[in-house]
Amino acid sequence: MFDLREIEAAARLVHRNMPPSAQMRWPLLDRATGAQVIVKHENHNPTGAFKVRGGITFIDWLTRTRPDVTGIVTATRGNHGQSQARAATAAGLRAVVYVPEGNSPEKNAAMKAWGAELRIHGTDFETAREAAIRAAGEEGLTVVPPFHRELVRGVATYGWELLSAHPGIEVLYVPIGCGSGICGCIAARDALRHGAEIVGVVSEAAQGARMSVAAGQAISTDTARTFADGIAVRTPVREALEIYGRGAARIVAVSDDEVAEAIRLYWTATHNATEGAGAAPLAALMQEREAMAGRTVAVINCGGNIDADRMATILTGGTPAP
């Protein structure tokens, strides 16, 4: 997708707005998995998630190429909306954000705090996205899609930070929602000519990406009922599917119970609060720990924006309802 110069230019822009995120070894994670585990802590970023990077690069590109733009509109389950609201309002633009009914109250509050005009519509991400597209035409706003080259170029900077610092990583687990994260990691790996095997992670309740790769074409699921809202996507983004369908070694599906257990492990081993999508890569590593024993493995903790009631349920041994 990008040559190394393009990713390095994105990194310079991102780093003018935020520091590189931590990448750390935790002995208790090594002990639990049997591997040498490096965690990329995107949960430490402004907005608490990796999406902040794509917001920086997308809004920079938009205001340079469309100086007449007055505002943006997008759909989200939370982290993408925070990223776009933060970058758009800093550039003096309106930021209209659509979310589905039942969306995380704490993510909704965070988006509004970053300056978003929040609108609730529909029962899932797909219906919220359709409403956002209609609003763009009615209000003269620019649609920010869930997947765009400039979003991915920004997100790729976390893969670049991680893989350039750790040439010995053998396997990298990355969650798949709309696909910018895994595509960014594939782009960084290929630009660096790194040897890491990249493994995508989806929810058992939202396996559209996994089914689509197996079928060689985009397949939608009827529902995406998982508490891991960052990977609760029914329909894969075709442009992303083309990239991770070729560039990922495999895609692993994890259950909500496995994700909840991974969140507990993150808390006890590292004292990091982690949202469902952020814990999914560790859940996949735990599922494959026999095969990964003794290897150097990285997991992307893509976000820490978990609601307090869900965290309380998990820390007392339960699994939150979708």
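Which residues in helix 9 meet which residues in helix 10? I looked this up before anything else, in what is a predicted model.

**Entry: helix 9 and helix 10**

I found Ala209, Ser212 and Val213 on the helix 9 side, meeting Leu241, Tyr244 and Gly245 of helix 10. Helix 9 covers residues 208-215 and helix 10 covers residues 238-247. I noted a packing angle of about 65° and axes 10 Å apart. Helix 9 is therefore roughly perpendicular to helix 10, an angle of 65 to 115 degrees being what that term requires. I recorded the crossing as right-handed.

**Entry: strand 10**

I went to strand 10 (296-301) next. Six of its six residues are buried, so strand 10 is largely enclosed by the rest of the structure. In a regular strand the side chains alternate between the two faces of the sheet. I listed Thr296, Ala298 and Ile300 as pointing one way from strand 10, with Val297, Val299 and Asn301 pointing the other way.

Which strands run parallel to strand 10? I noted strand 2 (residues 36-41), joined to strand 10 by six bridges, and strand 7 (residues 171-175), joined to strand 10 by three bridges. On the strand 2 side, I found His41 opposite Asn301. On the strand 7 side, Tyr173 stands opposite Val299.

**Entry: strand 7**

I followed strand 7 further. Is strand 7 buried or exposed? Five of its five residues are buried, and I wrote strand 7 down as mostly covered. One side carries Val171, Tyr173 and Pro175, the other Leu172 and Val174, and both faces are covered. Strand 7 also pairs with strand 8 (residues 197-203), in the parallel sense and over five bridges. Within that pairing I located Val171 opposite Glu197 of strand 8.

**Entry: the loop before strand 10**

Where is Gly294 found? I placed Gly294 in the loop between helix 13 (289-292) and strand 10. Gly294 has 56% relative accessibility and therefore counts as exposed, the cut-off being over 50%. Setting aside neighbours within four places in sequence, I found Gly294 in contact with Gly34, Ala35 and Gln36. Gly294 and Gln36 are 258 residues apart in sequence, yet their C-alpha atoms are 6.6 Å apart in space.

**Entry: the four-stranded open sheet**

I traced an open sheet of four strands in the order 5-4-3-6, with parallel pairing. Strand 5 (117-120) and strand 6 (142-143) are at the edges with a single partner strand each, so one side of each has no neighbour in the sheet. I then checked strand 3 (residues 71-75), which pairs with strand 6 in the parallel sense over two bridges. In strand 6, Thr142 is the bridge partner of Ile72.

**Entry: helix 3 and helix 12**

I checked the span of two helices. Helix 3 (residues 51-65) has 15 residues and reaches 21 Å from its first C-alpha to its last, close to the 21 Å expected. Helix 12 (residues 276-287) has 12 residues and reaches 16 Å, close to the 16 Å expected.

I also looked at burial. In helix 3 the buried residues include Lys51, Arg53, Phe58 and Leu62. In helix 12, 11 of the 12 residues are buried, so helix 12 is largely enclosed by the rest of the structure. Among them I noted Gly276, Pro281, Leu285 and Met286.

Methods. Residues numbered from 1 in each chain as written. Predicted model: local features only at pLDDT ≥ 70, side-chain atom pairs only at ≥ 80, totals over all residues. Heavy atoms only, no water. Expected span 1.5 Å × (residues − 1). Buried < 20%, exposed > 50% of the residue type's maximum accessible area, 1.4 Å probe, protein only. Contact = heavy atoms within 4.5 Å. Pairing = 2+ DSSP bridges. Axes fitted to C-alpha atoms, helices over the stretch in contact; angles between N-to-C directions. Parallel < 35°, antiparallel > 145°, perpendicular 65-115°, else oblique. Left-handed = near helix turned anticlockwise from the far one by under 90°.
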